[in-house]
Amino acid sequence: MTAPKKLFIKTYGCQMNVYDSERMAEALGGQGYVETTTPDDADMILLNTCHIREKAAEKVYSELGRLKPLKEVNPDLKIGVAGCVAQAEGEEIMRRQPAVDLVVGPQAYHRLPEMETRVRSGKPALDTDFPEEDKFDHLKSRPKAKRAPAAFLTVQEGCDKFCAFCVVPYTRGAEVSRPAEKVLAEARDLVERGVREVTLLGQNVNAYHGGMSLAELIRALATVDGLERIRYTTSHPNDMDDDLIAAHGEVDKLMPYLHLPVQSGSDRILKRMNRSHTAESYLRLIERIRAARPDIVMSGDFIVGFPEETDADFEATMELVRQVKYGYAYSFKYSARPGTPAAERPEVAPAVADDRLRQLQALITTHQRQIQNSMVGRDVSVLVEKPGRKEGQMLGKSEYLHAVHIDDAKAQVGEIARVRIVDAKTNSLTARHL
Ligand code: 5AD
Ligand code: SF4
């Protein structure tokens, strides 16, 4: 028997890429690959890339430059680029970095085994199609490998919203939902392999319509024995329907955490972003969500320095953040993406955008810290995911997605422990068993 070939995958960007990387590893498992944790001894390196902001693509090219010399050490090494940079740049990647053997877009992963055979025979392989066949049907996982207790599950891909700054509708394509029965079957399979929590993924997950709405899918998943926790991300405010809001109050397994990007607090900018909601409608929506689930922790995404953003527009964003008080939030400096409508518009001076980003992040961090501190003395449930660095310590996540260290851990990986929070830092909490 020949020794297994080694596969190293580096994942950039969103959680959907994390999910896709797992599926790619499984697809190549059938070709005799096992995963390794370092590129140094790999026979195949895959960069699963993100194209959402400028620097991400540049990072990929510099990473490729760093990896190239490994081919001199191991002449059998093949290098591939997957994900959204692969989709957007296609052949250009091989032109700019000839060390790349394989380029595969996010909709063509199921063809990886054939592509691998091709590159092993010395030919380059490129596939950025949006094929008719369902890639998920081909990405069948190998028999019952044990999984970590918290897993991602892609239910929907692509986006039809066309926000003026965003490449997703171009790189991931039109919105497509997976049929609910396939999602349910995958969830049952995950549970058999040790999973206790699933996060349903989609670029516009609450627009899900795979024969059921997202609320109906969540209610159906809640009946799966052994599945204890359900989350979903990322949502668009316009697709938060009444039934989904009600589910937050009614479905115990649906965790009290919601990522609901707003991007800006200025109606003028929201309009230019083609967001089709206002700051006011977003705030009213959050009121309704909090009425259904008062303890819910909100999270969001923001872009500062969008073309033509004035000081007054930015102040409106700060005001919205003060009103919502996010438990977490991700804020980005606008970066013009070729092919998107906003890329044609006059940009805000970089120094101004930097300054706004600093102010916004400082405000968000203050709130995050206050919310973390407010957890001290409270009892929470933690899904234990792995041992911590300290002796006897375990790490996991609370209902609210806080990272929690349990110092006197009695619970094992995969168990849900009731603990009391005794200390808070900006990014983590410390707890003891009750
Ligand atoms: N520039 C900056 N941030 C962006 N995002 C998406 N496109 C851009 C861009 N061109 C941010 C949005 C989105 C998150 C995933 O990335 O806030 O919600
Ligand atoms: Fe991009 Fe999200 Fe807007 Fe779709 S809804 S275009 S994924 S920012």
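## A buried tyrosine and its ring cluster

With a relative accessibility of 7%, tyrosine 334 counts as buried, since the limit for that class is under 20%. The structure is a predicted model, and every value in this report should be read with that in mind. Phenylalanine 306 is likewise buried, its relative accessible area being 0%. Ring pairs join these two residues with Phe165, so that Phe165, Phe306 and Tyr334 make up a cluster.

## Aromatic pairs across the chain

Across the whole structure, a search returns five aromatic pairs. One of them is formed by phenylalanine 302 and tyrosine 326, whose ring centres lie 5.4 Å apart with 85° between the planes, an edge-to-face arrangement. This pair links distant parts of the chain, for phenylalanine 302 belongs to strand β13 (residues 297–304), while tyrosine 326 sits 24 residues away in the loop between α14 (311–324) and β14 (328–333). Both partners are shielded: phenylalanine 302 counts as buried at 0% relative accessibility, and tyrosine 326 counts as buried at 1%.

The pair of phenylalanine 306 and tyrosine 334 is also edge-to-face, because the ring centres are 5.4 Å apart and the planes meet at 75°. Phenylalanine 306 is placed in the loop between β13 and α14, and tyrosine 334 in the loop between β14 and α15 (350–374), so this contact ties together parts of the chain that are 28 residues apart in sequence.

## Charges over rings

Two arginines are placed over aromatic rings. The charged end of arginine 23 sits over the ring of tyrosine 19, at 4.5 Å from the ring centre, and arginine 53 lies over the face of phenylalanine 332, with a distance of 3.6 Å to the centre of that ring.

## The annotated core and the surroundings of ligand 2

An unreviewed UniProt entry carries the annotation "domain: Radical SAM core" for residues 145–368. Over residues 145–368 the chain is 39% helix and 16% strand, and the C-alpha atoms at the two ends are 37 Å apart.

Around ligand 2 are Cys159, Lys161, Phe162, Cys163, Phe165, Cys166, Val168, Pro169, Asn204, His236 and Arg275. This shell divides into seven nonpolar, two polar and two charged residues. Phe165 therefore appears both in the shell around ligand 2 and in the ring cluster with Phe306 and Tyr334.

## Backbone features

Most residues other than glycine have a negative phi, and most peptide bonds are trans. Phenylalanine 162, one of the residues around ligand 2, has a positive phi of about 50° although it is not a glycine. Its position is in the loop between β8 (156–157) and α8 (168–171), where phenylalanine 162 is partly exposed, with a relative accessible area of 35%. Lysine 325 too has a positive phi, near 55°, without being a glycine; this lysine lies in the loop between α14 and β14 and is partly exposed, with a relative accessible area of 32%.

The peptide bond between threonine 233 and threonine 234 is cis, with omega at about 0°. Threonine 234 itself is found in the loop between β11 (229–233) and α11 (242–250).

## Helix α6

Within helix α6 (residues 112–120), the residues Leu112, Met115, Glu116 and Val119 are buried. Viewed down the axis of α6, the buried residues fall within an arc of 105°, so they line one face of the helix. Just after α6 comes glycine 122, which takes a positive phi of about 95°.

## The annotated cysteines

The UniProt feature "binding site", from an unreviewed entry, is placed at Cys14, Cys50 and Cys84. Although these cysteines span 71 residues in sequence, no two of their C-alpha atoms are more than 10.6 Å apart, so they gather at one spot.

Cysteine 14 is in the loop between β1 (5–11) and α1 (15–29), and cysteine 50 is in the loop between β3 (44–49) and α2 (54–67). In terms of accessibility, cysteine 14 is partly exposed, with a relative accessible area of 36%, whereas cysteine 50 counts as buried at 13%.

Notes: Residues are numbered from 1 along each chain as its sequence is written. Chains are lettered from A and ligands numbered from 1 in the order in which they are written. This is a predicted model: local features need pLDDT of at least 70, side-chain atom pairs count only at pLDDT 80 or more; totals for chains, interfaces and linings use all residues. Side-chain values use heavy atoms; hydrogens and water are left out. UniProt positions are given in the numbering used here, feature names are shortened, and annotations may be inferred rather than shown by experiment. Helices (H or I, at least four residues) and strands (E, at least two) are DSSP runs, numbered from the N terminus. Buried means under 20% relative accessible area, exposed over 50%, partly exposed in between (1.4 Å probe, protein chains only). The arc is that of the directions from the helix axis to the C-beta atoms. A residue is near a molecule or strand if one of its heavy atoms lies within 4 Å of it. Ala, Val, Leu, Ile, Met, Phe, Trp, Tyr, Cys and Pro count as nonpolar, Asp, Glu, Lys and Arg as charged, and the others, Gly among them, as polar. Rings of Phe, Tyr and Trp (its six-membered ring) pair if their centres lie within 6.5 Å; planes under 30 degrees apart count as stacked, over 60 as edge-to-face and the rest as tilted. A charge sits over a ring if NZ of Lys or CZ of Arg is within 6 Å of the ring centre and within 35 degrees of the ring normal.
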